[in-house]
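Trainee: Got a minute? I'd like a quick tour of this one.
Mentor: Sure, pull it up and ask away.

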Amino acid sequence: TSVYCDEREARKMIYDKIDAVNSIERFTDLYIYDFDAKKTQRLTNSGRAREATVAPSDSRIAYIDTANGRTQLMLMTLPSKTLKVLITSDFGERIST
């Protein structure tokens, strides 16, 4: 599990967690926990997302995703959850933070 905690005020935490999609498949998804609201919001769904980093403005999250046998560096804009692929690896290569 990767954990991000806003050290300025410790209001939110982002983490990745393995979820069972069905009886065979398990994927890693990103979640954000709001300490003030005491609520968790799922950010990705069966996305194989991990290693999230939050921008200082709290409006964007960079993370690693796996799709079609390749790893990708993704950028998610909040709160819309708009996604942008920044880098896609070649087969046999891996992107990591």
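Trainee: In what order do the elements of the protein chain run from the N terminus on?
Mentor: They run β-β-β-β-β-β-β-β. Keep in mind that this is a predicted model.

Trainee: How many helices and strands is that?
Mentor: Zero helices and eight strands.

Trainee: Let's start with β2 and β3. How many bridges join them?
Mentor: Nine bridges, and the two strands run antiparallel. They form a hairpin, with five residues between them.

Trainee: Which residue in β3 does D16 stand opposite?
Mentor: L30.

Trainee: And what does β4 pair with?
Mentor: Strand β4, residues 39–42, pairs with β3 in the antiparallel sense. Four bridges hold that pairing. One of the bridge partners is easy to look up: I32 goes with Q41 in β4.

Trainee: Which residue takes a positive phi in the hairpin of β3 and β4?
Mentor: K38, with phi near 55 degrees. That hairpin has four residues between its strands.

Trainee: Switching to the later strands. What is the strand order in the open sheet of four?
Mentor: The order is β5-β6-β7-β8, with antiparallel pairing. β5 (49–54) and β8 (82–88) are the edge strands, so each pairs on one side only.

Trainee: By how many degrees are neighbouring strands turned against each other?
Mentor: By 25 degrees on average in this sheet, direction ignored.

Trainee: How many bridges are there between β7 and β8?
Mentor: Six, in the antiparallel sense. β7 covers residues 70–77. Within that pairing, M74 has V85 in β8 as its bridge partner.

Trainee: What holds strands together like that, in general?
Mentor: Strands of a sheet pair through backbone hydrogen bonds, either parallel or antiparallel.

Trainee: New topic. Which residues make up the largest nonpolar core?
Mentor: There are eleven: I14, L30, I32, L43, A49, A52, V54, I61, Y63, M74 and M76. β3 (26–34), β5, β6 (60–67) and β7 each supply at least two of them.

Trainee: Which strand gives the largest share?
Mentor: β5, with three residues. You have met some of the others already: L30 and I32 from the β3 pairings are core members, and M74 belongs to the core too.

Trainee: What about aromatics? How many aromatic pairs are there?
Mentor: Two. Y15 and Y31 form a stacked pair, 5.6 Å centre to centre with 15 degrees between the planes. Y15 sits in strand β2 (residues 12–20) and Y31 in strand β3, 16 residues apart.

Trainee: Are those two buried or exposed?
Mentor: Both Y15 and Y31 are buried.

Trainee: And why is the pair of Y33 and F35 called edge-to-face?
Mentor: Because their planes stand at 85 degrees, and the cut-off for that label is over 60. The ring centres of Y33 and F35 are 5.1 Å apart.

Trainee: How exposed are Y33 and F35?
Mentor: Y33 is partly exposed, with a relative accessible area of 21%. F35 is partly exposed as well, at 33%. Buried means under 20%.

Trainee: Last bit, the whole chain. What percentage of the residues count as buried?
Mentor: 32% of the 97 residues. The chain exposes about 6,300 Å², and carbon and sulfur atoms supply 51% of that area.

Trainee: And what share of the contacts comes from residues 24 or more positions apart?
Mentor: 18%, among contacts with a separation of 6 or more.

Definitions and conventions. Residues are numbered from 1 along each chain as its sequence is written. This is a predicted model: local features need pLDDT of at least 70, side-chain atom pairs count only at pLDDT 80 or more; totals for chains, interfaces and linings use all residues. Side-chain values use heavy atoms; hydrogens and water are left out. Axes are lines fitted to C-alpha atoms, for helices over the stretch in contact, and angles run from 0 to 180 degrees between N-to-C directions. A nonpolar core is a set of buried Ala, Val, Leu, Ile, Met, Phe, Trp, Tyr and Cys residues joined through side-chain atoms within 4.5 Å. Buried means under 20% relative accessible area, exposed over 50%, partly exposed in between (1.4 Å probe, protein chains only). Rings of Phe, Tyr and Trp (its six-membered ring) pair if their centres lie within 6.5 Å; planes under 30 degrees apart count as stacked, over 60 as edge-to-face and the rest as tilted. Contact means heavy atoms within 4.5 Å. Accessible areas come from the Shrake-Rupley method with a 1.4 Å probe; for residues, only the protein chains shown count as cover.
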